[in-house]
Amino acid sequence: MFKIISAVGARPNFIKIASFMKAIRVHNEKYTDPGLKIDHILVHTGQHYDISMSRAFFKELDIPNPDINLEVGSGSHAEQIGNTMIAFEKVLRREKPDWVVVVGDVNATLACSVTAKKEGAKVCHIEAGLRSGDMSMPEEINRLVTDRLSDLLLTPDKLSSENLRKEGVAEKNMVFVGNIMIDALEANRDKEAVLNVENICSKNSLSGKNLKAKDKSQKTTSSGSQKGNFAVLTLHRPSNVDLLEILQPLITFLRTEVARDMPLIWPIHPRTEKRLKEFGLWGEVMKSQNFILLKPIGYHEMLRLNMEARLIFTDSGGLQEECTVLGTPCLTLRWNTERPVTLCEHGGTSVLVGNDVERIRAEYKKTLTSERKPMRPEFWDGHTAERCLKAILDYKNK
Ligand code: UD1
């Protein structure tokens with residue numbers, strides 16, 4: 001029996017591991033010989049723990065309950081990473097896996113890859129090679145360390161493979177597999193298709209507001225594509241939400257200019273809600289005309305909003321990718337991205353606008369006249385998880 005532990009901690013990890021675990025299930029159904037089966041253990045570090053940030057994703061993506069939950073919870077990065085390492089080391093000593101699979105770039109990714117390597121397990125990183133070049137981003141540190149330690153680096157696009165080559169990673173240690181986030185998107189389109197934007201808002205609304213009748217209707221653009229008359233906002237990066245002097249002008253712009261043109265649907269991350277309350281801005285956003293504040297929403301609900309939105313403002317990495325495949329104009333509230341393949345200059349739909357209101361305004365105005373333009377980078381085809389598993393099995397057999 002070949003043993004793999006997959007380690008996850010935060011919302012985007014759950015989406016990615018769902019597809020990988022499905023690939024393992026399919027593999028195990030195919031082989032009757034126990035020697036060829038994979039013994040898989042799912043470890044949840046507990047970095048995200050609210051029902052809406054964790055359990056809800058397991059449920060709607062059919063991910064089995066984690067076999068082990070380390071329950072590390074919130075804390076400073078050192079606390080989160082340190083506590084994860086201490087708890088994960090015990091798991092590794094008990095379970096002795098052949099491989100540890102980590103995904104993405106969150107604190108759980110770093111903590112589990114370092115611990116696994118020290119315990120002598122092989123490490124596979126799904127979503128390797130992304131680089132923003134911005135060392136003030138905790139995720140960039142997580143990516144660099146994880147990739148440096150990994151035995152097998154699975155990249156989502158060719159630019160990421162190129163980054164690894166420049167860093168001296170040997171060809172035998174990397175495989176271009178495509179984007180596993182898009183596996184989930186492709187596998188769930190039918191579930192999203194039956195959702196209704198108005199219901200999503202009423203079910204999750206924090207302020208009791210919803211779209212008005214005129215905004216519910218779909219608009220047909222000159223190219224014949226359909227889009228709803230609302231914008232979506234997601235905001236959670238410390239660089240955007242932790243400083244009043246950054247957050248306040250952003251909110252003022254969105255409230256006084258965007259929400260004047262169309263309703264703005266805003267599923268709020270717990271970190272952002274906390275900051276808005278600390279800064280005394282919560283009351284203002286709750287009562288703002290045309291601001292529809294939602295609690296954190298599920299995977300299908302978010303994709304449904306993405307499919308219908310006229311545009312998205314976001315600082316999330318995964319949303320830049322989903323917007324690219326769905327064709328949704330995406331104003332990325334960051335100065336850099338580790339996902340350049342999603343930028344307009346590479347054929348995607350995302351524009352980097354940072355957090356400078358002048359720049360955001362200028363790009364927003366351009367976006368108002370732009371059309372949906374779906375684009376699919378190579379291997380963003382819904383079959384990445386199978387390629388990930390094959391790469392691990394091929395490595396083993398080398
Ligand atoms: C983490 C990831 C980020 C990813 C994001 C997705 C790191 C360094 N960052 O950021 O890359 O884009 O997840 O959402 O790993 N909180 C709750 N309930 C929860 C989880 C968090 O209330 O279930 C609150 C806590 O106050 C916590 C704060 O949100 O301190 C931040 O959570 P944390 O996991 O540290 O980072 P995220 O901002 O979610």
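For sorting residues here, Ala, Val, Leu, Ile, Met, Phe, Trp, Tyr, Cys and Pro count as nonpolar, Asp, Glu, Lys and Arg as charged, and the others, Gly among them, as polar. Keep in mind that the model is predicted.

**Exercise 1.** Describe the shell around the ligand: how many residues surround the ligand, and how do they divide into nonpolar, polar and charged?

*Solution.* Start with the count: 20 residues surround the ligand. The closest are Gln47, His48, Asp50, Glu139 and Lys274. Next, sort the shell by class, which gives 6 nonpolar, 8 polar and 6 charged residues. Then turn to the helices: H1 (11-30), H3 (77-95) and H13 (270-278) each supply at least two residues of the shell. H13 gives the largest share, 3 residues.

**Exercise 2.** Find which residues place an N or O atom 2.9 Å from a ligand oxygen through the backbone, and which residue does so at 2.8 Å through a polar side-chain atom.

*Solution.* On the backbone side, Tyr49 has an N or O atom 2.9 Å from an oxygen atom of the ligand, and Asn107 has one at 2.9 Å as well. On the side-chain side, a polar atom of His236 lies 2.8 Å from a ligand oxygen. Now consider the cover: the ligand taken alone exposes 740 Å², and the protein buries 90% of that. The space that the ligand takes is the largest pocket.

**Exercise 3.** Classify the ring pair Phe14 and Phe58: stacked, tilted or edge-to-face?

*Solution.* The model has 6 aromatic pairs by the rule used here. For Phe14 and Phe58, the centres are 4.9 Å apart and the planes meet at 55 degrees, so this pair is tilted. Finally, locate the partners: Phe14 belongs to helix H1 and Phe58 to helix H2 (residues 55-60), so the pair ties together parts 44 residues apart in sequence.

Methods:
Residues are numbered from 1 along each chain as its sequence is written. This is a predicted model: local features need pLDDT of at least 70, side-chain atom pairs count only at pLDDT 80 or more; totals for chains, interfaces and linings use all residues. Side-chain values use heavy atoms; hydrogens and water are left out. A residue is near a molecule or strand if one of its heavy atoms lies within 4 Å of it. A polar contact is a pair of N or O atoms within 3.5 Å; within protein, one must be able to donate a hydrogen and the other to accept it, and residues adjacent in sequence count only if both atoms are side-chain atoms. Accessible areas come from the Shrake-Rupley method with a 1.4 Å probe; for residues, only the protein chains shown count as cover. On a 1 Å grid over the protein atoms alone, a cavity is a set of points where a 1.4 Å probe fits but cannot get out, and a pocket is an open set with protein on both sides within 12 Å along at least five of seven lines; lining residues have an atom within 4 Å of a point. A molecule sits in a cavity or pocket if more than half of its atoms lie within 2 Å of its grid points. Helices (H or I, at least four residues) and strands (E, at least two) are DSSP runs, numbered from the N terminus. Rings of Phe, Tyr and Trp (its six-membered ring) pair if their centres lie within 6.5 Å; planes under 30 degrees apart count as stacked, over 60 as edge-to-face and the rest as tilted.
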